[in-house]
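Here is a friendly walk through a protein model, meant for someone meeting it for the first time. Take a look at the picture, then read on.

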Amino acid sequence: MKKEMRVSLFIVLFGSFFGVLSSTMMTTALPSVMRVFHVSYSSAQWLTNGYMLANALMIPTSAFLMKKFSFKNLFLTFSTIFFVGSLIGTVANQYLILIAGRMIQAVGAGVMIPLVNVIAMRAADAKHRGSVMGIIGVVFNFSPIVGPTVSGFILDSLSWRYLFSLTMPFTLISIILAIIFMPKVKHETELTFNVKGLITASFGLLCLLWAFSNIGEYNVISFNIGGLFILGLFFGWLFLKTQGHSKNPFINLKVFEHSQFNIANILNMILMVTMYGNTILLPILVQNVMHKSALISGLVLFPGALVTFIMSPISGKLFDKYPVKNLVLIGITIDCIGTFLQVLINKDTSIWTVTLGQTIRQFGLVLVLIPIQTQALSYLPAELIPDGVALYNTLRQVAASFGTALLIAIITVSNQHENIHTISGELVGIKIGFAACLTLLLCCFIFIRKLYTKTSAN
């Protein structure tokens with residue numbers, strides 16, 4: 001790898017770490033934010049779901065931007081946007097302003113995430129892609145898991161506002177480093193941005209996520225659920241129709257012509273639902289049912305985060321040595337064991353058992369995430385890699401936001417049937433949520449057998 005590429009990768013990794021970290025830092029703070037602004041679970045979840053949705057919409061936009069502008073200019077621009085979002089969140093005195101700050105943060109982080117992947121895939125040769133992507137995994141897989149732990153420590157003695165303000169100095173440092181050290185490589189590609197694609201995709205995803213978020217608060221046949229769902233499907237149909245005949249599509253659907261990319265995407269989406277869902281379920285379990293502090297809630301997730309940090313580079317190296325099918329099979333099996341332990345949780349379960357289940361889950365998960373991402377991108381032609389990276393990460397965020405909305409809906413519905421706002425109602429909902437995660441993980445075994453045993457098409 002050339003020196004200038006190593007420097008660029010380090011700077012973008014450093015800046016992206018805090019963008020991805022912010023995606024889950026608010027999960028531990030949800031109970032506090034609900035009390036301060038007097039909002040329900042369904043409303044509070046937009047602090048995480050809104051972030052991931054805005055993030056998801058910016059990721060495919062990045063495929064166009066990376067072909068049009070230099071990596072340096074993109075990083076500087078969107079790091080600044082992330083900084084502004086953090087500032088708004090810090091000073092927000094109304095819930096809608098707080099949501100706006102989160103959305104602006106997400107817009108900034110949304111371009112930085114695929115930027116890391118594209119730089120890494122272009123810089124690494126085929127034999128070492130797994131190792132390089134393993135290092136990338138420290139950002140994408142460790143930071144969202146350690147986010148609730150970091151916020152737990154902060155919330156133990158400081159306000160939730162510090163979850164925004166404490167990221168600002170690090171973002172500023174990454175901007176300064178980029179200005180000084182990051183090379184500016186000009187792009188001469190003449191492209192036209194597909195506005196129709198952005199609008200139809202945005203409205204489609206927003207309507208569908210909104211419908212999911214309203215489950216438990218409105219009648220299923222009402223406009224707030226059924227109407228929004230149909231509207232979301234309509235915009236989705238419009239998106240597919242317009243993109244199929246476009247010379248410059250918002251998302252290049254040709255990536256779906258590659259089977260390994262498709263299989264890896266399906267597995268990744270399932271795992272994102274369970275991973276991000278876990279970061280929602282556990283803080284609610286520990287704080288609202290077990291009546292532990294936000295700090296304890298964060299510490300429950302810390303051993304799993306530590307395992308992710310250690311194992312991400314290792315799992316990348318394992319991809320370079322062993323068949324991806326074997327790694328995924330072992331990882332999913334371990335994940336299922338940890339999730340089964342969580343299904344057995346009741347109000348008398350010790351905090352150590354909760355922590356053990358989460359740690360086992362995370363160990364299995366980290367064995368899978370880097371190999372399937374590397375597998376997906378390794379089978380794409382070089383010219384499709386930016387589109388593949390954008391789509392892979394978009395679907396990752398969409399799955400995370402929809403999965404979180406679904407699990408929150410499960411808790412809300414369970415509360416209604418078990419005397420709303422009682423410990424028993426929340427516990428039932430949480431247990432059903434863990435059972436839903438286990439069911440999804442078991443579905444992964446259907447797709448594992450379709451993975452190629454070799455690690456690259458080249």
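Let's begin with a pair on the inside: arginine 361 and aspartate 335 are both buried. This is a predicted model, and in it the side chains of these two residues meet in a salt bridge, with 3.4 Å from N to O. The bridge ties together distant parts of the chain, since arginine 361 belongs to helix 15 (residues 351-378) and aspartate 335 to helix 14 (residues 324-343), 26 residues apart. How many salt bridges does the structure hold? Just the one.

**The overall build**

Step back and you'll see helices: the chain has 17 of them and zero strands. Of its 458 residues, 60% are buried. If you look at contacts with a separation of 6 or more, 84% of them are between residues 24 or more positions apart. As for the outside, the accessible surface comes to about 18200 Å², and carbon and sulfur atoms account for 69% of that.

**Spaces inside and pockets**

Now for the gaps. Rolling a probe the size of a water molecule over the atoms shows where empty space is left. Searching the whole structure turns up two cavities of 30 Å³ or more. The largest cavity has a volume of about 70 Å³. Its lining is made by Gly19, Val20, Ser23, Tyr51, Ile113, Phe140, Tyr276, Asn393, Arg396 and Gln397. Helix 1 (3-25) and helix 16 each give at least two residues to that lining.

There is also a largest pocket, and its volume is about 480 Å³. It is lined by 23 residues, and Leu205, Phe239, Leu240, Ile251 and Leu395 are the closest to its centre. Which helices each supply at least two residues of this lining? They are helix 4 (46-68), helix 10 (195-213), helix 11 (223-244) and helix 16.

**Two buried polar residues**

Glutamine 397, one of the residues lining the largest cavity, is worth a stop. You'll find glutamine 397 in helix 16 (residues 385-417). Is glutamine 397 buried or exposed? Its relative accessible area is 5%, so it counts as buried. Setting aside neighbours within four places in sequence, glutamine 397 is in contact with Met52, Asn55, Ala56, Ile59 and Tyr276. Tyr276 also appears in the lining of the largest cavity. The C-alpha atoms of glutamine 397 and serine 23 are separated by 9.9 Å, although the two residues are 374 residues apart along the chain.

Serine 23 brings us to arginine 102, which sits in helix 6 (residues 95-123). With a relative accessibility of 2%, arginine 102 is buried because the cut-off for that is under 20%. Leaving out neighbours within four places in sequence, its contacts are Ser22, Ser23, Met26, Leu47, Thr48, Tyr51 and Phe164. Two of those names, Ser23 and Tyr51, also help line the largest cavity.

**Out on the surface**

Over on the outside there is a nonpolar patch of about 610 Å², made by Phe153, Leu299, Phe302, Leu306, Phe309, Ile310 and Ile314. Which helix gives the patch its largest share? That is helix 13 (residues 294-321), with six residues. Isoleucine 310 is in helix 13, and at 47% relative accessibility it counts as partly exposed.

**Two histidines with a positive phi**

Finally, a pair of backbone curiosities. Most residues other than glycine have a negative phi. Histidine 38, which is not a glycine, has a positive one of about 55°, and histidine 291 also has a positive phi, near 60°. Here is where they are and how open they are:

| Residue | Loop between | Relative accessibility |
|---|---|---|
| Histidine 38 | helix 2 (30-37) and helix 3 (41-44) | 71%, exposed |
| Histidine 291 | helix 12 (259-289) and helix 13 | 56%, exposed |

Why does histidine 38 count as exposed? Because its relative accessibility is 71%, and exposed means over 50%. Histidine 291 is exposed too, with its relative accessible area of 56%.

How values were computed
Residues numbered from 1 in each chain as written. Predicted model: local features only at pLDDT ≥ 70, side-chain atom pairs only at ≥ 80, totals over all residues. Heavy atoms only, no water. Patch = residues over 30% accessible without salt bridge, like charges linked within 9 Å, V, L, I, M, F, W, Y side chains within 5 Å. Areas by Shrake-Rupley, 256 points an atom, 1.4 Å probe, with all protein chains shown as cover. Salt bridge = Lys/Arg side-chain N within 4 Å of Asp/Glu carboxyl O. Helix = DSSP H or I, 4+ residues; strand = E, 2+ residues; numbered from the N terminus. Buried < 20%, exposed > 50% of the residue type's maximum accessible area, 1.4 Å probe, protein only. Contact = heavy atoms within 4.5 Å. 1 Å grid on protein atoms, 1.4 Å probe; cavity = no way out; pocket = protein on both sides within 12 Å on 5 of 7 lines; lining within 4 Å. Points joined across faces, edges and corners; volume = space filled by probe spheres on them.
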